[in-house]
Amino acid sequence: RRTRRERSWTGMGCAALLWGTILLGCSCAPGPPRVGAAPLLAATYVLDDADGLGREFDGIGAVSGGGATSRLLVNYQEPYRSEILDYLFKPNFGASLHILKVEIGGDAQSTDGTEPSHMHYENDENYFRGYEWWLMKEAKKRNPKIKLIGLPWAFPGWIGKGENWPYDYPDITAYYIVSWILGAKQYHDLDIDYIGIWNERAFSSKYIKLLRYTLDKHGLEQVRIIASDRLWEPISFVMLIDSELHGVVDVIGAHYPGTKTVQNAILTGKKLWSSEDYSTFNNDVGAGCWARILNQNYVNGNMTSTIAWNLVASYYEQLPFGRCGLMTAQEPWSGHYKVESPIWITAHTTQFTQPGWSYLQVDGHLEGGGSFVALTDGLGNLTIIIETMSHNHSKCIRPPLPNFSVIPQRATFYLRGSFYMVETLQVWHSRLDFESGKSSLFQQLHPVKVWKGQVSLDLNVDEVYTLTTLKTGRKCDCPEPPPPQPFPSSYKDDFNIRNPPFSEAPNFADQTGVFEYFVNASDPGDHVFTLRQVVVQRPITWVSDADQTISVIGNFKWVNMTVTCDIYIEKPRDGGVFIAGRVDNGGIYVRRTKGVFFWVFADGTYRVTGDLAGKEILMKGLSGVRDNAWHTLTLNIQGNSASGLLNGYLLWENVTVSKPRNGWAALGTRSFEFAQFDNFHVE
């Protein structure tokens with residue numbers, strides 16, 4: 001419902017000055033009028049609940065996963081790990097998130113790595129793999145009211161019985177997903193609030209209906225279904241013509257909607273969410289993007305929840321979409337992390353609203369550009385969030401942003417209905433300063449008096465204001481984290497840990513396959529505790545996983561290095577493993593990974609290749625390596641030359657390597673096969 005607005009110009013000689021403004025394209029900051037200065041655009045906006053409220057607000061959240069975006073977070077030492085978690089989840093502290101969405105690991109590459117499944121194989125169930133269980137518990141510990149969402153990006157291969165498709169056997173897929181929800185409750189006392197279908201891929205109406213049936217059959221009636229985590233269509237249209245599907249989908253979730261929705265989605269009468277958004281480098285432009293869409297997803301698109309990908313950039317920065325998290329924590333070895341500006345932009349909304357509040361019915365477009373939303377708890381509290389982000393300072397990574405202009409302006413809000421008696425509003429302010437680089441973030445200003453139901457603000461460009469009746473806001477004044485340090489230039493891991501807190505060894509970032517701690521009960525003693533690659537069938541993939549498995553580690557800037565590791569091929573005849581250096585790629589681009597790869601195979605041969613795919617052969621020969629026996633591989637790369645040792649003896653040398661010039665260390669297998677690694681050392 002559009003409200004009546006009045007437009008006026010402050011200052012004398014409006015017509016002449018208006019003409020001057022258009023002619024010269026000039027504008028002025030708020031303040032006392034100057035001789036010859038352009039007038040400040042002034043407009044009024046009525047906030048009234050007398051005729052009822054707008055849509056119910058469902059909260060602001062972020063995604064961990066899709067994939068492996070929190071990989072390095074778990075390896076932080078205390079107190080730094082808890083500080084990071086506080087900034088994300090603790091109410092009235094930092095981002096104070098209302099929603100945490102996690103990947104249901106599917107053993108496959110899902111952007112920045114693979115996340116392990118709770119069921120690698122048909123007869124296998126383990127609800128302690130990976131780190132999403134831990135993260136959900138840490139979030140709940142800080143905010144018991146936080147909403148939890150699970151969504152698969154990929155699925156273990158057995159679900160498709162050899163086909164790269166999860167819907168041929170929908171009863172199996174539904175059983176697999178419901179097992180994850182039941183495991184969350186049984187093993188971690190976590191209640192999952194919402195479940196998704198298949199991230200950014202096709203949906204099956206038959207599967208969605210079967211999923212609802214399976215949930216209900218297991219007493220999970222309270223779990224809501226989000227579909228389809230892709231675009232508004234075709235899900236909205238199909239729901240309009242299929243009443244049964246309409247009855248089982250609770251939320252239509254679209255990704256990167258550009259603040260717009262479609263008519264069919266509105267016609268369904270369902271909750272509309274931007275169930276993944278942002279995905280932008282977390283500097284001040286990223287903060288501008290986030291500020292703009294947090295408001296305009298509702299103002300332009302009726303979306304009552306916005307969820308950022310991703311929660312925290314805790315993955316090697318040179319992987320795809322480096323630093324596209326609300327904050328950065330990619331150095332567990334040093335303890336360094338950075339509370340980026342998007343955290344404080346989030347706080348402008350999250351610290352002064354809660355899921356269950358309602359938006360007011362008001363057209364939130366500001367006359368001079370920018371937007372505002374107003375929300376109430378229905379008990380007399382009011383929160384207004386205003387943003388004036390300029391076009392070039394608020395571009396998100398996608399979709400393209402049409403041109404618009406924002407100018408300094410005076411906004412006057414008339415509080416009507418139950419808000420007429422409000423006397424004072426608390427004020428929180430951020431200004432993104434792109435000239436000096438010294439932005440002012442989430443600062444509490446003096447409260448403003450409401451005079452006869454009226455309050456005015458002079459708004460500059462690239463600002464965020466929160467006006468609220470709540471006095472609970474807080475900006476943590478915490479100690480600085482340690483300074484940044486590169487990954488240690490000498491690093492060892494013997495994997496000798498009897499009860500590891502996590503299933504994966506620290507700092508290894510799996511890019512295809514899953515590498516887990518393993519207890520080798522049959523070993524006489526030297527190799528009881530190892531690292532084992534455990535995915536033995538190609539998963540139902542989300543992107544193009546490699547045909548080989550690989551886990552990377554270290555400093556991407558490394559040039560000269562020596563990598564040593566004990567290896568154990570488990571697959572007879574055509575099994576094989578490698579160690580590598582100068583590895584230059586991962587994530588969604590893992591198939592095109594280059595580097596220096598030293599392979600040994602169960603048939604007694606070896607190869608040196610310049611790529612993970614094994615097509616660029618630099619050297620090959622006989623090694624005498626066999627399966628089901630331990631061997632030690634050493635790869636030495638210095639300048640343009642590489643050499644390799646087997647069990648301490650030189651096997652090959654003088655292999656010329658021109659590129660890549662630098663990269664990570666890595667280990668992996670020839671195919672989806674069992675293999676073990678021990679006593680890893682990189683220098």
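## Active site

Glu200 lies in the loop that connects β6 (194-195) to α5 (205-217). The structure is a predicted model. In an unreviewed entry, UniProt places the feature "active site" at Glu200 and Glu276. These positions are spread over 77 residues of sequence, yet they cluster in space, with a largest C-alpha distance of 9.9 Å.

## Catalytic span and barrel

The UniProt record, again an unreviewed entry, lists "domain: Glycosyl hydrolase family 59 catalytic" at residues 57-351. Over residues 57-351 the chain is 33% helix and 19% strand. The C-alpha atoms at the two ends of this span are 14 Å apart.

Eight strands form a closed barrel in the order β3-β4-β5-β6-β7-β8-β9-β10, and their pairing is parallel. As background, the strands of a sheet pair through backbone hydrogen bonds, and the pairing is either parallel or antiparallel. How many bridges join β3 to β4? There are four, and the two strands run parallel. Ser64 has Val102, in β4, as its bridge partner.

## A small open sheet

The strands β11, β12 and β13 make an open sheet of three strands, in the order β11-β12-β13 and with mixed pairing. β11 (312-313) and β13 (336-338) stand at the edges and have a single partner strand each, so one side of each is left without a neighbour in the sheet.

Strand β12 (residues 327-331) is joined to β13 by two bridges, and these strands run antiparallel. Which residue of β13 is the bridge partner of Thr328? The partner is Lys338.

## Central span

For residues 359-473, UniProt gives the feature "domain: Glycosyl hydrolase family 59 central", from an unreviewed entry. The span is 0% helix and 43% strand. Its end C-alpha atoms lie 20 Å apart.

## Two domains and their interface

The domain assignment of the protein chain gives domain 1 (53-468) and domain 2 (491-682). Taken over C-alpha atoms, the centres of domain 1 and domain 2 are separated by 37 Å. In the contact between them, 46 residues of domain 1 meet 35 residues of domain 2.

The size of an interface is often given as the accessible area lost when the parts come together. Between domain 1 and domain 2 the buried area is about 3100 Å², and carbon and sulfur atoms give 56% of this area. Which three residues supply more than any other three of the area that domain 1 buries against domain 2? They are Arg71, Gln109 and Tyr316, which supply 22% of that area.

## Polar contacts and salt bridges

Between domain 1 and domain 2, 22 residue pairs are in polar contact, counting pairs with both residues at pLDDT 80 or more. One salt bridge is found across the interface of these domains.

In the whole structure, the search finds 22 salt bridges. Among the salt bridges is the pair of Arg129 and Glu516, whose closest N and O atoms are 3.4 Å apart. This pair links distant parts of the chain, with the two positions 387 residues apart in numbering. Arg129 is in the loop between β4 (99-104) and α3 (132-142), while Glu516 is in strand β24 (residues 515-519).

## Backbone details

Where are cis peptide bonds present in the backbone? One joins Gly66 and Gly67, with omega about -10 degrees. Gly67 lies in the loop between β3 (59-64) and α2 (80-89). The peptide bond from Glu233 to Pro234 is also cis, and here omega is near 5 degrees. Pro234 lies in the loop between β7 (224-230) and α6 (235-241).

Asn654 is not a glycine, although its phi is positive, at about 55 degrees. The place of Asn654 is in strand β34 (residues 649-656).

Notes
Residues are numbered from 1 along each chain as its sequence is written. This is a predicted model: local features need pLDDT of at least 70, side-chain atom pairs count only at pLDDT 80 or more; totals for chains, interfaces and linings use all residues. Side-chain values use heavy atoms; hydrogens and water are left out. UniProt positions are given in the numbering used here, feature names are shortened, and annotations may be inferred rather than shown by experiment. Two strands pair if DSSP finds at least two bridges between them. Domain bounds come from an automatic or database domain assignment. Contact means heavy atoms within 4.5 Å. Buried area is the accessible area (1.4 Å probe) that two parts lose on being put together, summed over both. A salt bridge is a side-chain nitrogen of Lys or Arg within 4 Å of a carboxyl oxygen of Asp or Glu. A polar contact is a pair of N or O atoms within 3.5 Å; within protein, one must be able to donate a hydrogen and the other to accept it, and residues adjacent in sequence count only if both atoms are side-chain atoms.
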